[in-house]
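Subject: Structure handover

Hello,

Here is the structure for you to look over. My notes on the strands and salt bridges come after it.

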Amino acid sequence: MTTTFPDISISTERLVLRPYEDADIPAHTEMMNDETVVAWTSAPHPYTTAHAEDWVRRIAPAERTEGRGVVLAVTEFLTQRLVGTVHLRNTDWRTRATEAAYITAPWARGEGYATESVLAVAQWLFQDRRFERLELRTAADNTASQQVAQKIGCISEGVLRNAWIARSRTEDGGWTDIRTDLIVWSLLPEDLEGPGGLGGADGLRGAPGGAGRSSFPGWN
């Protein structure tokens with residue numbers, strides 16, 4: 001049984017999803033210090049260059065080589081600028097199921113990049129890797145993340161009460177931890193079948209390693 005993802009790149013009309021490189025370290029550091037990212041993730045804060053170096057050189061590659069998932073830097077096709085990240089984690093190879101987490105840089109929000117990148121990964125998982133389930137978990141008040149789940153066709157399965165610790169700004173400008181619920185979403189291969197799904201308009205370009213053979217409609 002295969003227990004690791006391949007070292008792949010996935011391309012769409014606007015984006016290239018690929019492994020992190022050292023050149024991404026400055027942009028990744030900047031992205032992870034954005035207030036929205038600080039609020040909804042468990043990443044260290046402040047996020048230093050040393051944190052980014054450890055992520056790019058050790059943590060992210062180990063997710064793939066040790067079989068837990070895969071981390072993909074999301075970049076603009078034309079500019080090569082870092083748009084965000086998609087992280088597959090907590091992979092169960094027996095049930096062919098995994099969980100997706102995603103972050104978008106503040107300058108790139110509102111362009112549909114998160115939806116485009118997560119859906120491209122989902123199509124690659126279902127078509128090329130024969131996975132049967134993709135799960136997303138979004139904090140109860142993180143409406144932007146919930147909209148991504150809805151746009152790619154996820155089904156809301158329920159709520160994990162008091163299951164996450166988010167961060168909130170304090171009056172003195174600092175941060176404090178707050179407990180929140182998590183909404184659980186799932187996407188199955190059949191959810192992407194038919195018009196607008198796996199058989200929708202041509203959108204993925206060919207990519208190294210055989211990835212990128214799926215198709216999807218465009219978003220904005």
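Below is what turned up, strands before salt bridges. Please keep in mind that this is a predicted model.

**Strands**

Start with strand E8, residues 175-187. E8 pairs with strand E6, residues 133-139, and the sense is antiparallel. Six bridges connect E6 and E8. To find the register, look at Thr138, which stands opposite Ile183 in E8.

E8 also pairs with strand E7, residues 155-169. This pairing is antiparallel too, and runs over eleven bridges. Here the register can be read from Gly158, which stands opposite Val184 in E8. E7 and E8 form a hairpin, with five residues between the two strands. Check Gly173 in the turn: its phi is positive, about 90 degrees.

One reminder for viewing these strands: in a regular strand the side chains alternate between the two faces of the sheet.

**Salt bridges**

The count comes to 13 salt bridges. A few are worth opening in the viewer.

- Asp54 and Arg58: their side chains meet in a salt bridge at 2.7 Å, N to O. Both belong to helix H3, residues 49-65. They are four residues apart, so about one helical turn separates them. Asp54 is partly exposed because its relative accessible area, 29%, falls between the 20% and 50% cut-offs.

- Glu99 and Arg89: this salt bridge spans 3.1 Å, N to O. Glu99 sits in strand E5 (residues 97-104) and Arg89 in strand E4 (residues 82-92), so the pair ties together parts that are ten residues apart in sequence. Which of the two partners is buried, and which partly exposed? Glu99 is buried, with a relative accessible area of 8%. Arg89 is partly exposed, at 28%.

- Arg133, Glu135, Arg137 and Glu157: salt bridges with shared partners join these four residues into one network.

- Glu21 and Arg18: the closest N and O atoms of this salt bridge are 4.0 Å apart. Glu21 has 40% relative accessibility, so Glu21 counts as partly exposed. Arg18 has 12%, so Arg18 counts as buried.

**Where to look**

If time is short, open the hairpin of E7 and E8. Then go to the network that includes Arg133 and Glu157. After that, take the salt bridge between Glu99 and Arg89.

Best wishes

Note on methods. Residues are numbered from 1 along each chain as its sequence is written. This is a predicted model: local features need pLDDT of at least 70, side-chain atom pairs count only at pLDDT 80 or more; totals for chains, interfaces and linings use all residues. Side-chain values use heavy atoms; hydrogens and water are left out. Two strands pair if DSSP finds at least two bridges between them. Buried means under 20% relative accessible area, exposed over 50%, partly exposed in between (1.4 Å probe, protein chains only).
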